[in-house]
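Here is a short briefing on one protein–DNA model. Read it beside the sequence and the coordinates.

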Amino acid sequence: MKIVTWNVNSIRTRQQQVIEWLQTNPVDVLCLQETKVIDQDFPRSPFEELGYHTYISGQKSYNGVAIFSLSPMQDVSSGFAPILGEDKVGDFDIQKRLITGVVNDVCILNLYVPNGASVGSEKYDYKLHWLKLLQEYIKIVIDKSPNLCICGDFNIVPEDRDIHDPEGCKNSVGLSDAERQALQEILKLGLVDAFRQFTREGGHYSWWDYRAAGFRRNRGWRIDHHYLSLPLSQKATSCIIDKSPRQLPKPSDHTPVIVEF
DNA sequence: ATGGCAAGCTAAGCTTGA
């Protein structure tokens, strides 16, 4: 089974690239982030014609997540509230950043973690609060779902080897101690970075800035991840980053990451 | 040190992204 995470930076702009990628990579599940479209305008039919069931949670202009699955999914829901309750979640489900469902006995959680703007900003505080809610959410679902795959755009560089210039970027959002600590608190619940099961060295990234020829100079960040529960991590056979879509004209700034088990 | 590119919204320039 192959599960892919890909921040497409607008599904309507990237529709043809995603179709062509799926035609050459007929994966079981594709998790998308930054779809940037309300549900009624989401281009579902081209993907349904490829055989995928589509599950979407979008909003106008910003954010938005979707899961495409060859087999129908069960227990699909979006946002924190179905697990944590409205009172605890408050306004944190207004931004569409979480969708989940179960297929082949695997629970898939597709995330678009807030960017955080800059360290110390209001959006940064929002990101840390969002990560706290995520931790509480996962604490509940991991007990019910032995086979859990949490994937998406985390907007966090886990370690210095996951970025081209850790010193030069050390004050950037995505690298702060609080963000990395929040991620580690989540992983302590019993999750493994699938990519690092197979690849130890640095120099592997999933996002490159559009500006300053980031991709050509390989000035990248590894911020798109699959985190697997222990039973699932033991079944994993590979986790690779496919850089080829990033080389196309008018690409997303992120590229797909594929885990197989 | 700063901004650089791209997308959406909406009709020129702002907001967001990481």
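Buried means under 20% relative accessible area, counted with protein chains only. Glu 34 has a relative accessible area of 14%, so Glu 34 is buried. The model is predicted. The points below cover the DNA surface, the annotated site and a loop with a buried glycine.

**DNA strand B**

- The protein surrounds DNA strand B with 26 residues. The closest are Ser 10, Ser 61, Tyr 112, Asn 115 and Lys 250.
- Of the strand B atoms that come within 4 Å of the protein, 70% belong to sugar and phosphate.
- The surface near DNA strand B is made up of 10 charged, 8 polar and 8 nonpolar residues.
- Helix H1 (residues 11–24) gives the most to this surface, with 3 residues.

**Polar atom pairs with the DNA**

- Ser 10 places a polar side-chain atom 2.4 Å from a phosphate oxygen of DNA strand B.
- His 254 also faces a phosphate oxygen of the strand, with a side-chain N or O atom at 3.2 Å.
- Asn 115 pairs with a base instead: a side-chain N or O atom is 2.6 Å from a base nitrogen of DNA strand B.

**The annotated site**

- An unreviewed UniProt entry lists Asn 7, Glu 34, Asp 153, Asn 155, Asp 253 and His 254 under "binding site".
- These residues span 248 residues in sequence, yet no two of their C-alpha atoms are more than 12.7 Å apart, so they gather at one spot.
- The lining of the largest pocket takes in Asn 7, Glu 34, Asp 153, Asn 155, Asp 253 and His 254.
- His 254 thus appears in two places here: in the UniProt list and beside a phosphate oxygen of DNA strand B.

**Three residues of the site**

- Asn 7 is found in strand S1 (residues 2–7). Its relative accessible area is 0%, so Asn 7 counts as buried.
- Beyond its neighbours within four places in sequence, Asn 7 contacts Gln 33, Glu 34, Tyr 112, Asp 153, Asp 224, Ser 252 and His 254. Among these, Glu 34, Asp 153 and His 254 are also on the UniProt list.
- Glu 34 is in the loop between strand S2 (29–33) and helix H2 (45–48). Its phi is positive, about 55°, although Glu 34 is not a glycine. Most residues other than glycine have a negative phi.
- Asp 253 lies in the loop between strand S13 (238–241) and strand S14 (257–260). At 12% relative accessibility, Asp 253 is buried.
- Leaving aside neighbours within four places in sequence, Asp 253 is in contact with Asn 9, Ser 206, Trp 207, Trp 208, Tyr 210 and Arg 246.

**The loop between S10 and S11**

- Which residues sit in the loop between S10 and S11? Gly 214 is one of them, between strand S10 (207–208) and strand S11 (220–221). Ala 213 is found there too.
- Gly 214 is buried, with a relative accessible area of 3%. Ala 213 is partly exposed, at 29%.
- Ala 213 has a positive phi of about 50° although it is not a glycine.
- Gly 214 touches Trp 208, Asp 209 and Arg 219, not counting residues up to four places away in sequence.
- Gly 214 and Leu 22 are 192 residues apart in sequence. Their C-alpha atoms are 26 Å apart in space.

Definitions and conventions
Residues numbered from 1 in each chain as written. Chains lettered and ligands numbered in written order. Predicted model: local features only at pLDDT ≥ 70, side-chain atom pairs only at ≥ 80, totals over all residues. Heavy atoms only, no water. Near = heavy atom within 4 Å. Polar contact = N/O pair within 3.5 Å; in protein donor to acceptor, adjacent residues only side chain to side chain. Helix = DSSP H or I, 4+ residues; strand = E, 2+ residues; numbered from the N terminus. Nonpolar A, V, L, I, M, F, W, Y, C, P; charged D, E, K, R; others polar. UniProt positions renumbered as here; feature names shortened; annotations may be inferred. 1 Å grid on protein atoms, 1.4 Å probe; cavity = no way out; pocket = protein on both sides within 12 Å on 5 of 7 lines; lining within 4 Å. Buried < 20%, exposed > 50% of the residue type's maximum accessible area, 1.4 Å probe, protein only. Contact = heavy atoms within 4.5 Å.
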